[in-house]
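Take a look at the chain shown here. The walk below goes from the overall fold to single residues.

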Amino acid sequence: MLNRDKYILNSLHDLDLSPTMEKNAKDKYVALSKYLDEQGLDSDFYPQGSFLIGTTIRPYHNGKEHDYDLDVLTILKKTLMRKV
């Protein structure tokens, strides 16, 4: 393999979300779903877009890692009924 090919492959690998970042994202939307459930809202969360198909990349700006955004679909299966 040419040095150029190795450089390109290494660069692409560095752009991918780390397993820790992916777990962090999943933990957050699971926690949000749990919170909504505790408030009386039965909900399901599903990843969408690049996160769903595994093509999310780490955002960089001026050589520094920044926050990334993930698209998540939320389905509320029942609503909270409040007495007025």
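What follows covers the fold, the salt bridges, two strand residues and a pocket.

This is a predicted model. The chain holds 3 helices and 4 strands. Their order along the sequence is α-α-β-α-β-β-β. Two helices therefore come before any strand, if the pattern of helices and strands is read from the N terminus. The chain has 84 residues, and 17% of them are buried. Its accessible surface is about 7100 Å². Carbon and sulfur atoms supply 56% of that area. Contacts across the sequence are also worth a look. Among contacts with a separation of 6 or more, 72% link residues 24 or more positions apart.

Now turn to the charged side chains. How many salt bridges does a search of the whole structure find? The search gives 2. One of them pairs Lys26 with Glu22. Their closest N and O atoms are 3.4 Å apart. The pair counts as a salt bridge because the limit between such atoms is 4 Å. Both residues sit in helix H2, which spans residues 19-38. They are 4 residues apart, about one turn of the helix. Lys26 is partly exposed, at 36% relative accessible area. Glu22 is partly exposed too, at 32%.

The other bridge joins Lys23 and Asp27. Here the N to O distance is 2.7 Å. Lys23 and Asp27 also lie in helix H2, and 4 residues, about one turn of the helix, separate them. Is Lys23 buried or exposed? Lys23 is exposed, because its relative accessible area is 51% and the cut-off for exposed is over 50%. Asp27 is partly exposed, with 39%.

Next, go to the strands. Ser43 lies in strand S1, residues 43-48. Ser43 counts as buried, because its relative accessibility is 3% and buried means under 20%. Which residues does Ser43 touch, leaving aside those up to four places away in sequence? They are Ser33, Leu36, Asp37, Thr74, Ile75 and Leu76. Ser33, Leu36 and Asp37 fall within the span of helix H2, residues 19-38. Thr74, Ile75 and Leu76 fall within strand S4, residues 71-76. Ser43 thus has contacts with both elements. With Ser33 there is also a polar contact: the side chains of Ser43 and Ser33 are joined at 3.3 Å.

Strand S4 holds another residue to inspect. Asp71 is placed in this strand, residues 71-76. Asp71 is partly exposed, with a relative accessible area of 45%. Not counting residues up to four places away in sequence, Asp71 touches Tyr46, Pro47, Gln48 and Gly49. Tyr46, Pro47 and Gln48 belong to the span of strand S1, residues 43-48. Asp71 can also be set against Leu52. The two are 19 residues apart in sequence, and their C-alpha atoms are 8.5 Å apart in space.

Last comes the largest pocket. Its space is about 180 Å³. Which element gives the most to its lining? Helix H2 does, with 5 residues. The lining includes Met21, Asn24, Ala25, Lys28 and Tyr29. Asp67, Tyr68, Asp69, Leu70 and Val72 line the pocket as well. Val72 falls within strand S4, residues 71-76.

Helix H2 thus recurs along this route. Both Lys26 and Glu22 lie in it, Lys23 and Asp27 do too, and H2 gives 5 residues to the pocket lining.

Notes: Residues numbered from 1 in each chain as written. Predicted model: local features only at pLDDT ≥ 70, side-chain atom pairs only at ≥ 80, totals over all residues. Heavy atoms only, no water. Buried < 20%, exposed > 50% of the residue type's maximum accessible area, 1.4 Å probe, protein only. Contact = heavy atoms within 4.5 Å. Areas by Shrake-Rupley, 256 points an atom, 1.4 Å probe, with all protein chains shown as cover. Polar contact = N/O pair within 3.5 Å; in protein donor to acceptor, adjacent residues only side chain to side chain. 1 Å grid on protein atoms, 1.4 Å probe; cavity = no way out; pocket = protein on both sides within 12 Å on 5 of 7 lines; lining within 4 Å. Points joined across faces, edges and corners; volume = space filled by probe spheres on them.
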